[in-house]
Amino acid sequence: MTQFWNSDFMWSFRHAPVAIVSFCVVALLVFCAVFAPLIAPFDPFDPSTLNLMNGFSKPMEPNAFTGDSFWLGTDDQGRDVFSTILYGMRISLFVGFAAVLFAMVLGISLGLIAGYVGGWTETIIMRTADVQLTFPSILVAMLIFGIAKGFTPVELRDQMAIWVLIIAIGLSDWVQFARVVRGAALVEKNKEYVQAAQLIGRSSFAIMLRHILPNVLSPVLVIATISLALAIIAEATLSFLGVGAPPTQPSLGTLIRIGQGFLFSGEWWILFFPAVTLLTLALSVNLLGDWLRDAMNPRLK
Amino acid sequence: MLSFILQRVFQSGIVLLIVGLVAFSMFRFVGDPIDNMLGQERTDADIERLRDQLGLDKPFVVQYYKFLEGAVQGNFGISYRQGRPVSEILVERAPATLELAAVSGFLAISFGVALGVFTAIRRNGIAANVIMTVSLIGVSLPTFLIGILLIYLFSVELGWLPSFGRGETVEVGGWRTGFLTASGLKALILPSITLGLYQMTLIMRLVRSEMLEVLRADYIRFARARGLREKTINFRHALKNTLVPVITVTGLQLGAIIAFAIITETVFQWPGVGLLFINAIQFVDIPVMAAYLMLISVMFVGINLIVDLLYFAIDPRLRADKATV
């Protein structure tokens with residue numbers, strides 16, 4: 001533990017105030033999202049706790065009819081905005097992490113295979129990656145979402161929407177991982193330790209997984225962090241457009257979509273607080289990623 | 001040279017065939033096409049006739065070929081939701097998107113290049129630093145939030161500009177344009193800023209870094225030594241030499257503008273192709289989705305092919321590289 005605390009990595013972390021602050025913000029938001037049912041003052045999806053009379057309460061002000069007060073106000077149905085944000089962040093973060101994990105596993109596997117095996121396999125994988133890279137990833141995610149939605153049976157669509165979303169964002173984002181891992185694998189495969197492993201007869205699968213993979217992980221970690229910010233924004237965009245999380249499981253993007261409808265009638269808080277939460281989340285993950293990239297780049301040391 | 005071009009064209013063709021296959025399988029395997037087309041009141045004879053007409057009893061490859069044949073001729077079938085030919089809807093919607101994209105592209109290029117040159121020349125000035133910082137924030141804001149922010153400022157608070165739609169439009173020779181009326185022009189302002197902002201920052205940063213590079217070059221120093229005016233040096237000598245990468249990036253961004261128009265059109269309820277596509281996804285209107293998928297792929301593959309070939313024509317070094325690889 002002390003060894004870890006004194007490592008180069010932690011030293012640079014302790015001396016980067018931006019990194020510390022953004023790490024704390026991300027940690028706090030993740031904590032709130034994970035323990036949302038314990039923290040949130042109300043369960044926004046339990047109709048028995050809702051009181052329509054509480055609708056459109058202003059933030060920090062007692063409601064005109066019931067006298068109840070809500071930190072961040074309520075929406076048209078009297079749902080506490082603070083609670084819906086906590087639950088929405090849960091969905092946003094879950095989709096973000098799961099999509100990046102999916103993209104990472106897919107990208108690393110294809111990258112390792114392309115780099116280590118080479119030949120026709122490599123050509124096919126990397127050409128596919130090149131082609132996909134020419135399309136903006138948000139468009140790819142939208143198309144995959146649309147196609148997958150078409151293939152799911154109608155009665156399952158709302159239940160499956162979150163998973164379809166994860167797969168769509170994940171598939172739109174594997175290319176970066178594959179390219180970096182392939183590049184690193186190409187370098188590693190000619191090193192002596194790999195040749196030694198080949199000589200003692202280890203299988204290709206074991207060499208890729210146990211010998212090469214651990215040596216290419218640090219750039220992967222950097223890409224994963226930056227991808228997380230992109231995935232969170234992609235999820236919010238898709239949900240905002242109405243082709244993501246269903247209304248029964250609103251994410252931050254869905255909440256912003258709902259809030260946009262009240263912009264003209266003056267109920268700004270229904271839109272404002274989810275938007276600020278989304279921005280804070282995306283920005284701190286982004287800043288953390290930027291710092292990580294610099295800290296893990298040996299050329300900058 | 002010829003083999004490189006042929007190889008590129010061949011690859012583009014394969015990509016389009018694969019995209020076509022995806023579009024076709026959506027069309028063929030999502031739900032029952034006959035169910036989707038005939039609706040509730042139908043007889044067995046109707047079903048037989050349509051099955052025969054659509055060629056659903058033929059082998060898969062033949063059906064795929066028929067589909068491609070139709071697609072090349074612009075025939076994508078009939079929208080499940082609107083009950084009209086998809087091609088007709090697309091032609092009707094295209095002017096809105098193209099006008100929006102053109103204005104955004106124009107804004108992005110003119111402001112991007114101007115601000116890029118400005119921030120490069122006044123590298124240490126306060127204004128330049130402010131612009132650079134603001135541009136950073138602009139890049140990290142998601143597009144839809146920028147749109148909402150603009151609506152809040154200019155439509156809700158100030159009430160200057162409309163927040164949705166195209167305003168009044170005039171039809172000129174089958175092309176419905178918003179350029180000719182005051183309300184049409186006003187309606188263009190917010191959406192085109194929203195759509196162009198990201199590309200503008202991108203172009204600005206690119207021009208700035210290229211300019212900084214070029215301004216350090218020897219021939220600029222010689223131009224200074226010859227006593228040329230600063231203006232001549234900056235615009236005639238420096239800017240001209242930064243344009244090649246700017247043109248390529250702008251070309252590639254053309255596709256991105258059309259793609260991001262989906263988001264902008266939804267925020268502003270702009271009746272273009274992007275909004276059509278989003279609605280098609282929401283209602284699983286397969287023919288429209290398939291047609292959009294094909295169109296956008298043709299566009300992206302085409303743009304990339306052209307940029308690749310242009311590179312090849314402009315930069316002789318690439319030819320040598322290709323020979324060794």
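This report describes the two chains of a predicted model, the helix packing within chain A, and the contact between the chains.

**Overall make-up of the chains**

Chain A contains 14 helices and zero strands, and its order along the sequence is accordingly written as α-α-α-α-α-α-α-α-α-α-α-α-α-α. Along the principal axes, the C-alpha atoms of chain A occupy a box of roughly 80 × 50 × 30 Å. Of the 301 residues in chain A, 45% count as buried. Among contacts in chain A between residues at least 6 apart in sequence, 67% connect residues at least 24 apart.

Chain B has 13 helices and two strands. It comprises 325 residues, of which 34% count as buried. When contacts in chain B between residues at least 6 apart in sequence are considered, 69% join residues at least 24 apart.

**The nonpolar core**

The largest nonpolar core holds 152 residues, and A:Met142, A:Leu165 and B:Ala290 touch the most other members. Helix α5 of chain A, residues 81–117, gives the most to this core, with 19 residues. As a general matter, nonpolar side chains in soluble globular proteins tend to be buried together.

The surroundings of A:Leu165 can be listed in detail. Leaving aside residues up to four places away in sequence, A:Leu165 touches A:Val95, A:Phe145, A:Glu235, A:Leu238, A:Gly244 and A:Ala245.

**Helix packing in chain A**

Two packed helices are described by the angle between their axes and the distance between the axes. Two pairs in chain A are set out below.

| Helix pair | Angle between axes | Axis distance |
|---|---|---|
| α5(A) and α8(A) | roughly 45° | within 8 Å |
| α12(A) and α14(A) | about 165° | 8 Å |

Helix α8 of chain A spans residues 157–171. Angles of 35 to 65 degrees fall outside the parallel and perpendicular classes, and α5(A) and α8(A) are therefore oblique to each other. Their crossing is right-handed. On the α5(A) side, the contact is formed by A:Val95, A:Ala98, A:Ala99, A:Phe102, A:Ala103 and A:Leu106, which meet A:Ile162, A:Leu165, A:Ile166, A:Ile167, A:Ile169 and A:Gly170 of α8(A). By class, the residues of this contact are eleven nonpolar, one polar and no charged. A:Leu165, named above among the core residues that touch the most other members, is thus one of the α8(A) residues that meet α5(A).

For the second pair, the angle of about 165° makes α12(A) roughly antiparallel to α14(A), because angles over 145 degrees are classed in that way. The crossing of α12(A) and α14(A) is left-handed. Among the residues that make this contact are A:Leu221, A:Val222, A:Ile226 and A:Ala229 of α12(A), together with A:Leu278, A:Leu281, A:Val285 and A:Arg293 of α14(A). The contact of α12(A) with α14(A) has 14 nonpolar, three polar and one charged residues.

**The contact between chains A and B**

Chain A contributes 27 residues to the contact between the chains, and chain B contributes 26 residues. On the side of chain A that touches chain B, α7 (137–151), α12 (217–240) and α14 (269–295) each supply at least two residues. The largest share of that side, nine residues, comes from α7(A). By class, the side of chain A that touches chain B has 19 nonpolar, seven polar and one charged residues. Helices α12(A) and α14(A), which pack with their axes 8 Å apart, both supply residues to this side.

**Individual sites**

In chain A, A:Lys191 lies in the loop between α9 (174–188) and α10 (192–199). A:Lys191 counts as exposed because it has 12 C-beta neighbours inside 10 Å. Its C-alpha atom is separated by 9.9 Å from that of A:Ile212, 21 residues apart along the chain.

In chain B, helix α9 (residues 218–225) is hardly covered, for the count of buried residues among its eight residues is zero. This helix is followed by B:Gly227, whose phi is positive, near 80°.

B:Gln269 is situated in the loop between α10 (230–267) and α11 (273–282) of chain B. Most residues other than glycine have a negative phi, yet B:Gln269, which is not a glycine, has a positive phi of about 45°. With 12 C-beta neighbours inside 10 Å, B:Gln269 counts as exposed.

B:Leu149 belongs to helix α7 (residues 143–157) of chain B. Because B:Leu149 has 13 C-beta neighbours inside 10 Å, it counts as partly exposed. B:Leu149 and B:Thr194 are 45 residues apart in sequence, and their C-alpha atoms are 9.6 Å apart in space.

How values were computed:
Residues are numbered from 1 along each chain as its sequence is written. Chains are lettered from A and ligands numbered from 1 in the order in which they are written. This is a predicted model: local features need pLDDT of at least 70, side-chain atom pairs count only at pLDDT 80 or more; totals for chains, interfaces and linings use all residues. Two residues are in contact if their C-beta atoms, placed from the backbone, lie within 7 Å. Helices (H or I, at least four residues) and strands (E, at least two) are DSSP runs, numbered from the N terminus. Ala, Val, Leu, Ile, Met, Phe, Trp, Tyr, Cys and Pro count as nonpolar, Asp, Glu, Lys and Arg as charged, and the others, Gly among them, as polar. A residue is buried if 20 or more other C-beta atoms lie within 10 Å of its own, exposed if 12 or fewer, and partly exposed in between; C-beta atoms are placed from the backbone. A nonpolar core is a set of buried Ala, Val, Leu, Ile, Met, Phe, Trp, Tyr and Cys residues joined through C-beta atoms within 7 Å. Axes are lines fitted to C-alpha atoms, for helices over the stretch in contact, and angles run from 0 to 180 degrees between N-to-C directions. Angles under 35 degrees count as roughly parallel, over 145 as roughly antiparallel, 65 to 115 as roughly perpendicular and the rest as oblique. A crossing is left-handed if the near helix is turned anticlockwise from the far one by less than a right angle, and right-handed if clockwise.
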